[in-house]
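Here's a quick walk through the model you have open. We'll go from strands to loops, then to cysteines and cavities.

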Amino acid sequence: MSAVSSPFPSTIVTGGTIGSIIVGCKLQVLHGQPPEYRKAEILSIRPTPTADDATRCEYYVHYSDYNKRLDEWVTPERLNLLGEIEYPKLKKPKAMVAGIGKETGKGSEPGTPSGRVSKNNRKSNLSKAATTGKGGDAAAPGTPGPSNKRKAAAIEEGPSQAEGTNGSTPSIQVQGDDDEDEDMNEDIPSGTQDENGGVFSKEQEIEKLRTSGSMTQNPHEVARVKNLNLIQIGKHEVETWYFSPYPVEYAHLPILYICEFCLSYFPAIKQLSRHRLKCTLQHPPGNEIYRKDDISFFEIDGRKQKVYCRNLCLLSKLFLDHKTLYYDVDPFLFYVMTMRDEDGAHFIGYFSKEKESSEQYNVACILTMPQYQRMGFGRLLIAFSYELSKVEKRLGSPEKPLSDLGLLSYRAFWSEAIVQLLVEQQKTGIELSIDDIANRTAFQPQDVLHTLQNLNALKYYHGQYVIVLSDTVIKNSERAAKKKKREVDPKALVWKPIHFTATQLRFL
Ligand code: ACO
Ligand code: ZN
């Protein structure tokens with residue numbers, strides 16, 4: 001016990017003053033409607049820019065056991081200063097709060113643009129630490145601005161997975177026109193990591209992409225404080241969920257304006273309007289490979305449409321957690337789903353897919369924009385990803401780990417599809433094995449197996465496992481089938497898998 005190392009007699013005290021609250025403290029914070037106290041950790045503190053009292057601060061909190069998307073800035077009044085306050089131990093904070101210290105300090109740093117924040121709570125803070133996602137260093141000198149053309153793409157999380165580059169067959173597919181979008185260079189999103197501040201150099205990043213799958217998570221890069229609170233895209237104002245490495249100077253804006261067609265971003269509505277006079281896009285760049293009713297899918301090659309794909313990664317990072325920054329979108333194809341009206345094809349969601357995945361992943365990253373969630377579009381995206389796998393004659397699976405919402409959606413999708421197949425099959429009297437189900441659906445056998453286990457449908461009978469669906473499962477499936485849903489029509493898919501040559505896969 002090193003009594004000397006802590007400024008507090010014990011790490012947990014009952015009651016405290018607002019001045020004693022520091023980054024790393026855990027205490028009860030009012031949250032939700034109706035408001036109730038939840039344990040939360042203070043991740044950052046900054047002066048309230050609009051307050052007359054210069055000492056008044058606001059607190060960025062993470063609620064224990066809740067998803068990071070609920071993290072928020074709160075006023076001091078929401079902190080329960082009468083209850084238990086757990087202080088961070090002094091020995092550990094250096095490691096634990098290395099970046100956060102900067103965040104906190106940053107709020108009061110001279111020159112910190114705290115005066116620029118908006119009048120309402122929508123203003124956002126982006127400390128250098130938060131921007132880097134690495135604890136502060138990467139956004140320091142040389143922090144990219146809109147004019148900085150360093151490459152960046154926000155991609156995925158997850159444990160390292162072995163991957164090889166095995167494609168060497170000649171390219172056979174050219175469909176439609178696939179305009180380069182380099183004319184959008186003015187809007188190149190700038191990354192926040194560089195060789196000096198980032199965890200990886202570009203070469204290392206590329207090597208990682210080659211060898212580690214797309215979702216390698218680097219824990220040091222998990223930014224803890226959200227930098228934007230609100231974006232406007234098309235007709236929608238959307239609250240953001242997580243940090244995304246937009247240029248640091250955009251972080252203090254009340255709203256970031258995004259062109260819904262090219263996904264370029266602007267600090268003011270005027271600039272967006274001016275951009276729209278020049279930007280002729282009314283749909284994503286790339287090939288329209290599917291059209292049914294008002295829904296279309298566009299296939300976009302990260303190598304050919306770098307700016308668009310980087311913009312897409314930046315946008316999606318706002319809603320995807322723990323995604324590591326990568327410099328290069330080249331190794332991915334992006335499948336963007338749109339809904340068409342007289343104004344154009346509006347962005348609803350997308351999934352990305354590695355051009356070559358030795359793990360047979362058919363989705364790297366999937367997103368439905370929040371304003372369209374819970375309307376069946378996620379299901380449509382997932383269904384589409386498996387239609388592509390069927391054409392490729394491969395079994396596919398989403399790259400792991402899945403987010404909470406990803407898991408819910410995939411489980412729902414797999415269950416519904418498998419139960420429906422088994423119920424149909426029952427009429428024929430021919431039994432299906434797990435491999436049969438996998439081959440019919442293009443799901444990987446382990447996903448079929450896990451789904452059957454989740455449905456409690458695997459029974460050990462006379463020395464072997466058999467698939468048995470309970471009445472409840474069948475009823476639930478019938479109920480789900482009655483819901484009116486958009487389905488993917490395989491006939492509306494005009495697509496041949498692209499085979500990349502070894503040279504095309506050399507992402508330099
Ligand atoms: N709560 C409970 N169940 C849910 C929820 C939720 N918030 N969201 C989806 N589900 C389940 C439900 O069973 C739902 O069916 P129902 O609405 O009939 O009950 C089913 O999933 C399908 O829902 P959809 O409306 O088709 O899915 P949605 O358009 O909302 O998209 C998605 C799902 C893509 C996961 C979306 O929530 C999202 O973009 N989240 C943020 C990004 C993310 O987490 N992506 C997945 C990361 S993992 C990876 O990339 C491989
Ligand atoms: Zn545009």
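Two strands count as paired here if DSSP finds at least two bridges between them. Keep in mind that this is a predicted model.

**Around β3**

With that rule in hand, start at β2 (residues 26–31), which is joined to β3 by six bridges, the two strands running antiparallel. One of the pairs puts histidine 31 across from glutamate 36 of β3. The hairpin of β2 and β3 has four residues between the strands, and glycine 32 has a positive phi there, near 85°. Proline 34 sits in the loop between β2 and β3 too, and the peptide bond between glutamine 33 and proline 34 is cis, with omega about -5°.

On to the next partner: β3 also pairs with β4 (residues 57–63), again in the antiparallel sense, over seven bridges. Within that pairing, glutamate 41 is opposite histidine 62 of β4.

How many of the 12 residues of β3 are buried? Nine are, so to speak putting the strand mostly under cover. Arginine 46 belongs to β3, which spans residues 36–47. Its relative accessibility is 5%, and because the cut-off for buried is under 20%, arginine 46 counts as buried. The side chain of arginine 46 also has a polar contact, at 2.6 Å, with the side chain of glutamate 58.

**A four-strand sheet**

Further along the chain there's an open sheet of four strands, ordered β9-β8-β10-β11, with mixed pairing. Its edges are β9 (236–239) and β11 (265–266); each has a single partner strand, so one side of each has no neighbour in the sheet. Inside that order, β8 (residues 230–233) and β10 (residues 256–258) run parallel and are joined by three bridges. Isoleucine 231 has leucine 256 as its bridge partner in β10.

Leucine 228 is in the loop between α4 (202–211) and β8. Is leucine 228 buried or exposed? Its relative accessible area is 0%, so leucine 228 is buried. In space its C-alpha is 7.1 Å from that of phenylalanine 243, with the two positions 15 residues apart in sequence numbering.

**A buried aspartate**

Aspartate 321 is another loop residue, placed between α6 (306–317) and β14 (324–326). Its relative accessible area is 13%, which makes aspartate 321 buried. What does the side chain of aspartate 321 contact? There's a polar contact of 2.9 Å with the side chain of lysine 68. Tryptophan 241 is 80 residues away from aspartate 321 in sequence, yet the C-alpha atoms are 8.3 Å apart.

**Backbone oddities**

Most residues other than glycine have a negative phi, and most peptide bonds are trans. The cis bond in the hairpin has company: lysine 400 to proline 401 is cis as well, with omega near -5°. Proline 401 lies in the loop between β19 (397–398) and α8 (404–428).

Two residues that aren't glycine take a positive phi, and they're set out here.

| Residue | Phi | Loop | Relative accessibility |
|---|---|---|---|
| Aspartate 293 | about 50° | between β12 (287–292) and β13 (295–301) | 61%, exposed |
| Asparagine 456 | about 55° | between α10 (445–454) and β20 (458–461) | 52%, exposed |

**Cysteines**

How many disulfides does the model have? The count is zero. Take cysteine 309: the closest cysteine sulfur, in cysteine 313, is 6.9 Å from its own, which is too far for a bond. The cut-off for a disulfide is a sulfur pair within 2.5 Å. Cysteine 309 is also buried, at 0% relative accessibility.

**Cavities**

Searching the whole structure turns up four cavities of 30 Å³ or more. The second largest cavity holds about 80 Å³ of space. Three elements give two or more residues to its lining: β16 (344–354), β17 (361–363) and α7 (377–392). Among the lining residues are Lys353, Glu354, Tyr361, Asn362, Ser389 and Glu392.

Which classes make up the lining of the second largest cavity? There are five charged residues, five polar ones and two nonpolar ones. The charged residues include Lys355 and Arg394, while Leu395 is one of the nonpolar ones.

Methods:
Residues are numbered from 1 along each chain as its sequence is written. Chains are lettered from A and ligands numbered from 1 in the order in which they are written. This is a predicted model: local features need pLDDT of at least 70, side-chain atom pairs count only at pLDDT 80 or more; totals for chains, interfaces and linings use all residues. Side-chain values use heavy atoms; hydrogens and water are left out. Buried means under 20% relative accessible area, exposed over 50%, partly exposed in between (1.4 Å probe, protein chains only). On a 1 Å grid over the protein atoms alone, a cavity is a set of points where a 1.4 Å probe fits but cannot get out, and a pocket is an open set with protein on both sides within 12 Å along at least five of seven lines; lining residues have an atom within 4 Å of a point. Grid points are joined across faces, edges and corners, and a volume is the space filled by probe spheres set on the points. A polar contact is a pair of N or O atoms within 3.5 Å; within protein, one must be able to donate a hydrogen and the other to accept it, and residues adjacent in sequence count only if both atoms are side-chain atoms.
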